[in-house]
Amino acid sequence: MFPEYDIIVVGAGHAGCEAAHAAGKMGSKVLLITMNMNTIAQMSCNPAIGGVAKGQIVREIDALGGMTGIISDKSMIQFRMLNRSKGPAMWSPRSQNDRMRFAEEWRLTLERNQNVDFWQEMVKELIVENQQVVGVKTGMGLEIRAKSVVLTNGTFLNGLIHIGEKQFGGGRTGEAAAKGITEQLTELGFESGRMKTGTPPRVDARSLNFKKMEEQAGDIDPGKFSFSDTPKLTQQLSCYITYTNKDVHQTLEQGFEQSPMFAGRIKGLGPRYCPSIEDKINRFAERDRHQIFVEPEGRHTVEIYVNGFSTSLPENIQYKALRQIQGFEDVKMFRPGYAIEYDYFPPTQLKLTLETKNIQNLYFAGQINGTTGYEEAACQGLMAGINAHQKLNNKNEVILNRSDAYIGVLIDDLVNKGTEEPYRMFTSRAEFRILLRQDNADLRLTQLSYNLGLADKHALDLVQNKYKQVEYMINDIKQKKYTPDQINPTLETLNSSVIKEKAPLINLIKRPEVSLEKLKENNSNIQEYLNKYSQLETEQAEILIKYDHYIQKEKELAVKMENIDNIIIYQEFDYDKVKGISSESKEKLKRIQPQNLGQASRVSGVSPADISILMVYLGK
């Protein structure tokens, strides 16, 4: 019934979709297996993409030839660039999306990929021969053979949903849990654990009083994620902000005895940075209110996502508490919030390619590795799909360094440090965040994508032409000088010190209160000159000028790190022969099996002294 596939991808969430599409586009014959064809690329949590550090990941996915950015642009209903008041390393794009359009666009994209086939069923078992995966068995007993398998099971592995004292199996509300894979992998020697996440109730927009809330509009000139020619957003929908209060907190506290979290029925750890409303009230008892973001689920639906009100309390408590929030007095609830527990596998059991160490040609991507968030899942799926294809075709594996991309930071953190709670990306996790800005992801990664066969020549030309123009603009700016008469009135307007003699434009731009945009607005000579360049080119040139010193410093540090990354540790290396390394370090190094000295230095528990000893030993 089935041919032998190159790659089977299990699960059609954000990780599975990116894995299947990338591998198919590169030329592998792919089978995407999902339990429900109608929920491909479902936005199970909030209808939004990007945010702090996550937006940078989406830009990187786009530069690498992934689809999340393009599909976000096509389904966007609002766009905001977060952290504009901070430096450009912190700027993070975020969109509100039409949930139904997002899923539809993903499905259509996959259906247009001639190398991707679909099958709707549960996978209950892997077919493993001689420590190598060779296919899967489905719930109906079908055996489907493949050279490689990518598991992207999300929250479905032995998923257990909690609402108050009720609990029932499910990967999402209304969908069955996946059984069998955890048990088999454990028998094969894998370590597994439990994690927990949650979601808030969904409500009817027609029952809300938005006049009592703060409007949160999108950017006046909205941007987008993709570096390609995706449509520009013209009509935006607003989100709204309201707050809980003491009455809301007291009502929620009435349900604490029935809370599965406080009663100990939930064993898995939840995301530290996205706690449930009951957890926030319990941990921050001194606070009288907590912010609630009221987010539309789409352009043509009245369903609302109540961001900030994630809960697993009984439905009646949820409903009563919601009605005490300002603007929610007459609220109608579509469905209650819930918590879900699921199995994951500590990612220290993976190689940096996301292939498992125990079983050849088996890859894990997404929440199965202990991460949280669409963006974190999508980038892992993309890298797993790329590396599965590369290995099958005897091509070089693709491993991004920490100085290459946030994706590199994420995978390096997971494989070398592991995670005991749902891992979420933040800008603070990246030591080279000035290099890893959202605006330059195309420069960092498009050439690699083109070499892999994901990005086309048009995409590469766009990047090369853009940066040629930026380089030309910077060189042009270096030549420009202005006399006091030409520039002082403008500087006074910007509350910047006036000059007494002719000064180079590049020195003025380095002032914190001066920007090219402000100069353009307030000086006709500069306006005429800058009009030759696009807004993107102008923004990029200004960043490179203002932060040149810091960028060069980070580049030097990155080169030092790359030097240590180039010291290879062979797979058969015997750590027991190395004298002077602590027993704890030896144990962890043997378990992680780092591929180079840089990776070894980032293994949790391995000291700088241990690395120095290893460096001497390897030098011999």
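In this predicted model, I161 has F168 of strand 11 as its bridge partner, and H162 stands opposite Q167, likewise in strand 11. These pairs belong to the antiparallel pairing of strand 10 (residues 160-163) with strand 11 (residues 166-169), which runs over four bridges. The two strands make a hairpin with two residues between them, and in that turn G164 has a positive phi of about 60°.

The hairpin is part of a wider arrangement, an open sheet of four strands whose order is 11-10-19-12 and whose pairing is antiparallel. Strand 11 and strand 12 (193-199) occupy the edges, and because each has a single partner strand, one side of each is left without a neighbour in the sheet. Ignoring direction, neighbouring strands of this sheet are turned against each other by 25° on average.

From the sheet we turn to the helices. Helix 12 (residues 457-479) packs with helix 17 (residues 535-546) at an angle of about 55°, their axes being 9 Å apart. Angles of 65 to 115 degrees would count as roughly perpendicular and those under 35 degrees as roughly parallel; the two helices are therefore oblique to each other. Helix 12 and helix 17 cross in the right-handed sense. On the side of helix 12 the contact is made by K466, Y467, Q469, V470, M473, I474 and I477, while helix 17 contributes E537, T538, Q540, A541, L544 and I545. Sorted by class, the contact of helix 12 with helix 17 comprises eight nonpolar, three polar and two charged residues.

A second helix pair is formed by helix 2 (residues 54-63) and helix 11 (residues 441-452), which pack at an angle of about 35° with their axes 8 Å apart. Here, too, the crossing of helix 2 with helix 11 is right-handed. R59, E60 and A63 of helix 2 meet A441, D442, R444, L445, T446 and S449 of helix 11, and by class this contact of helix 2 with helix 11 has three nonpolar, two polar and four charged residues.

Aromatic side chains offer another view, since a search of the whole structure finds nine aromatic pairs. One of them joins F2 and W119, whose ring centres are 5.0 Å apart and whose planes stand at 90°, so that the pair is edge-to-face. F2 lies in the segment before strand 1 (5-10), whereas W119 lies in strand 6 (residues 116-120), and the pair therefore ties together parts that are 117 residues apart in sequence.

How values were computed: Residues numbered from 1 in each chain as written. Predicted model: local features only at pLDDT ≥ 70, side-chain atom pairs only at ≥ 80, totals over all residues. Heavy atoms only, no water. Axes fitted to C-alpha atoms, helices over the stretch in contact; angles between N-to-C directions. Left-handed = near helix turned anticlockwise from the far one by under 90°. Contact = heavy atoms within 4.5 Å. Nonpolar A, V, L, I, M, F, W, Y, C, P; charged D, E, K, R; others polar. Pairing = 2+ DSSP bridges. Parallel < 35°, antiparallel > 145°, perpendicular 65-115°, else oblique. Phe/Tyr/Trp six-rings, centres within 6.5 Å; stacked < 30°, edge-to-face > 60°.
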